[in-house]
Amino acid sequence: VRTPRAQDPVKLAREVARAAPGAAVEAVLSPEAALERWAASREWPETAVVCGSLYLVGAVLRWLGVSR
């Protein structure tokens, strides 16, 4: 979710990959695109953890069809 306080996703992915060398890390520019990629993948776990702002949570809830 693009907000003035959001960190660049590519830079964040690099930091996460450096901190967790064995983790599969990929930068995706929108929450919807990331969730679609995750849902379509047969290699990724069936559970996803989403961490971030309330803006991000709102986007994820809309994608899941949970929001009003």
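Of the 68 residues in this protein, buried ones make up just 10%. Keep in mind that what you're looking at is a predicted model. The protein has 3 helices and 0 strands, so if you read the elements from the N terminus on, you get α-α-α, with helices and strands taken as DSSP runs. Below is a quick tour, from the whole chain down to single residues.

**Overall build**

- Taken along the principal axes, the C-alpha atoms fill a box of roughly 40 × 35 × 15 Å.
- The accessible surface of the protein comes to about 5800 Å², and carbon and sulfur atoms account for 55% of that surface.
- Look at contacts with a separation of 6 or more, and 38% of them are between residues 24 or more positions apart.
- The three helices are helix 1 (9-19), helix 2 (31-40) and helix 3 (residues 54-64).

**The largest pocket**

- The volume of the largest pocket is about 1400 Å³.
- Its lining takes in 36 residues, and those nearest the centre are Leu12, Val28, Ala34, Cys51 and Leu56.
- Helix 1, helix 2 and helix 3 are the elements that each give two or more residues to that lining.
- Helix 2 gives the most to the lining, with 5 residues.

**The salt bridge**

- Search the whole structure and you'll find 1 salt bridge.
- The partners are Glu26 and Arg37, whose side chains meet at 2.7 Å, N to O.
- This pair links distant parts of the chain: Glu26 sits in the loop between helix 1 and helix 2, Arg37 sits in helix 2, and the two are 11 residues apart.
- Glu26 counts as partly exposed because its relative accessibility is 41%, a value between the 20% limit for buried and the 50% limit for exposed.
- Arg37 is also partly exposed, at 42% relative accessibility.

**Helix 3: a nonpolar patch and a tryptophan**

- Leu54, Val57, Leu61, Leu64 and Val66 make a nonpolar surface patch of about 460 Å².
- One of the patch residues, Leu54, lies in helix 3.
- Leu54 has a relative accessible area of 75%, so it is exposed; the cut-off for that label is over 50%.
- Trp63 is found in helix 3 too, but Trp63 is partly exposed, at 29% relative accessibility.
- Leave aside the neighbours within four places in sequence, and Trp63 is in contact with Glu32, Leu35, Glu36 and Ala39.
- From Trp63 to Val50 the C-alpha distance is 13 Å, and the two are 13 residues apart in sequence.

**The loop between helix 2 and helix 3**

- Thr47 is found in this loop, and Thr47 counts as exposed because its relative accessibility is 57%.
- Thr47 and Val60 are 13 residues apart along the chain, with 14 Å between their C-alpha atoms.
- Ala48 lies in the loop between helix 2 and helix 3 as well, and at a relative accessible area of 37% Ala48 is partly exposed.
- If you go from Ala48 to Ala33, you cross 15 residues along the chain, and the C-alpha atoms are separated by 14 Å.
- Ser53 is another residue of the loop between helix 2 and helix 3, and Ser53 is partly exposed at 35% relative accessibility.
- Ser53 and Thr3 are 50 residues apart in sequence, yet their C-alpha atoms are 9.8 Å apart in space.

Technical notes. Residues are numbered from 1 along each chain as its sequence is written. This is a predicted model: local features need pLDDT of at least 70, side-chain atom pairs count only at pLDDT 80 or more; totals for chains, interfaces and linings use all residues. Side-chain values use heavy atoms; hydrogens and water are left out. Patches are made of residues with over 30% relative accessible area and no salt bridge: like charges are joined within 9 Å, nonpolar side chains (Val, Leu, Ile, Met, Phe, Trp, Tyr) within 5 Å. Accessible areas come from the Shrake-Rupley method with a 1.4 Å probe; for residues, only the protein chains shown count as cover. A salt bridge is a side-chain nitrogen of Lys or Arg within 4 Å of a carboxyl oxygen of Asp or Glu. Helices (H or I, at least four residues) and strands (E, at least two) are DSSP runs, numbered from the N terminus. Buried means under 20% relative accessible area, exposed over 50%, partly exposed in between (1.4 Å probe, protein chains only). Contact means heavy atoms within 4.5 Å. On a 1 Å grid over the protein atoms alone, a cavity is a set of points where a 1.4 Å probe fits but cannot get out, and a pocket is an open set with protein on both sides within 12 Å along at least five of seven lines; lining residues have an atom within 4 Å of a point. Grid points are joined across faces, edges and corners, and a volume is the space filled by probe spheres set on the points.
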